[in-house]
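Subject: A structure for you to look at

Hi,

Here is the structure I promised to hand over. Please open it alongside this email, and my notes follow below.

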Amino acid sequence: MEPLLLASRSLAAEAHPEHALPRYFKAKAEVARQHPHATRVWLKEMLHGGQRLPGERSEALRHSARQNLACLAQWMERGLIARTAPEHLLLFLWSTPLASFRFGEAPGSSAQLKPTRASTQALADLFLRGLRPEAEVPKLIAV
């Protein structure tokens, strides 16, 4: 759990999302690469609500989540990212890189996705595009 909590510290309110998110995804990808079995166990435990976590670990996880949520809220307040539900955004930020690199397979391929610089940047780019403040997002035409 410690490497994952350490990776979560990449989300810092004083950093710009364009710099923090690629660092965050790179750190999470490195954890998935270095600890593939632990990452699988961690993901399964989180899917079941973290019921087996000891009290101090559970509190460390809550503390990390509160810090990350505060960072996301500050970015929203400063207009650096679109306003959305920070809890849902954090869930996506937390789970996407781990699931992508741990369980993901490229469509039409049996090869597992590897946590490379290009793949972590691709994840960051997807998130950053989706999180553009509304003033920068073109309006969709209703059909």
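Setting aside neighbours within four places in sequence, Ser10 is in contact with Ala20, Arg23, Tyr24 and Ala27. Please keep in mind that this is a predicted model. You will find Ser10 in the loop between α1 (2-8) and α2. Is Ser10 buried or exposed? Its relative accessibility is 15%, and because buried means under 20%, Ser10 counts as buried.

Next, a look at helix α2 itself. This helix has 18 residues, and from its first C-alpha to its last it reaches 25 Å, close to the 26 Å expected at 1.5 Å a residue. Its buried residues are Pro17, Ala20, Leu21, Pro22, Tyr24, Phe25, Lys28, Ala29, Val31 and Ala32. Two of the names from the Ser10 contacts, Ala20 and Tyr24, are on that list of buried residues.

Helix α2 (residues 17-34) also packs with helix α6 (residues 117-130), at an angle of about 135° and with the axes 9 Å apart. The two helices are therefore oblique to each other, and their crossing is right-handed. Which residues make the contact? From α2 they are Pro17, Glu18, Leu21, Pro22, Phe25, Lys26 and Ala29. From α6 they are Thr120, Gln121, Leu123, Ala124, Phe127 and Leu128. Several residues on the α2 side of this contact, including Leu21 and Phe25, are among the buried residues of α2.

Helix α3 (residues 36-47) is worth a look too. With 12 residues, α3 reaches 17 Å from its first C-alpha to its last, close to the 16 Å expected at 1.5 Å a residue. Thr39, Trp42, Leu43, Glu45 and Met46 are its buried residues. They lie on the same side of α3, because they cover an arc of only 165° around the axis. His37, Val41 and Leu47, on the other side of α3, are exposed. Just after this helix comes Gly49, which takes a positive phi of about 85°.

Finally, the chain as a whole. How many helices and strands does it have? There are 6 helices and 0 strands, so to speak an α-α-α-α-α-α run from the N terminus on. Of the 143 residues in the chain, 38% are buried. Among contacts with a separation of 6 or more, 63% are between residues 24 or more positions apart.

Happy browsing, and do write back with any questions!

Best wishes

Technical notes. Residues are numbered from 1 along each chain as its sequence is written. This is a predicted model: local features need pLDDT of at least 70, side-chain atom pairs count only at pLDDT 80 or more; totals for chains, interfaces and linings use all residues. Side-chain values use heavy atoms; hydrogens and water are left out. Helices (H or I, at least four residues) and strands (E, at least two) are DSSP runs, numbered from the N terminus. The expected span of a helix is 1.5 Å times one less than its number of residues. Buried means under 20% relative accessible area, exposed over 50%, partly exposed in between (1.4 Å probe, protein chains only). The arc is that of the directions from the helix axis to the C-beta atoms. Axes are lines fitted to C-alpha atoms, for helices over the stretch in contact, and angles run from 0 to 180 degrees between N-to-C directions. Angles under 35 degrees count as roughly parallel, over 145 as roughly antiparallel, 65 to 115 as roughly perpendicular and the rest as oblique. A crossing is left-handed if the near helix is turned anticlockwise from the far one by less than a right angle, and right-handed if clockwise. Contact means heavy atoms within 4.5 Å.
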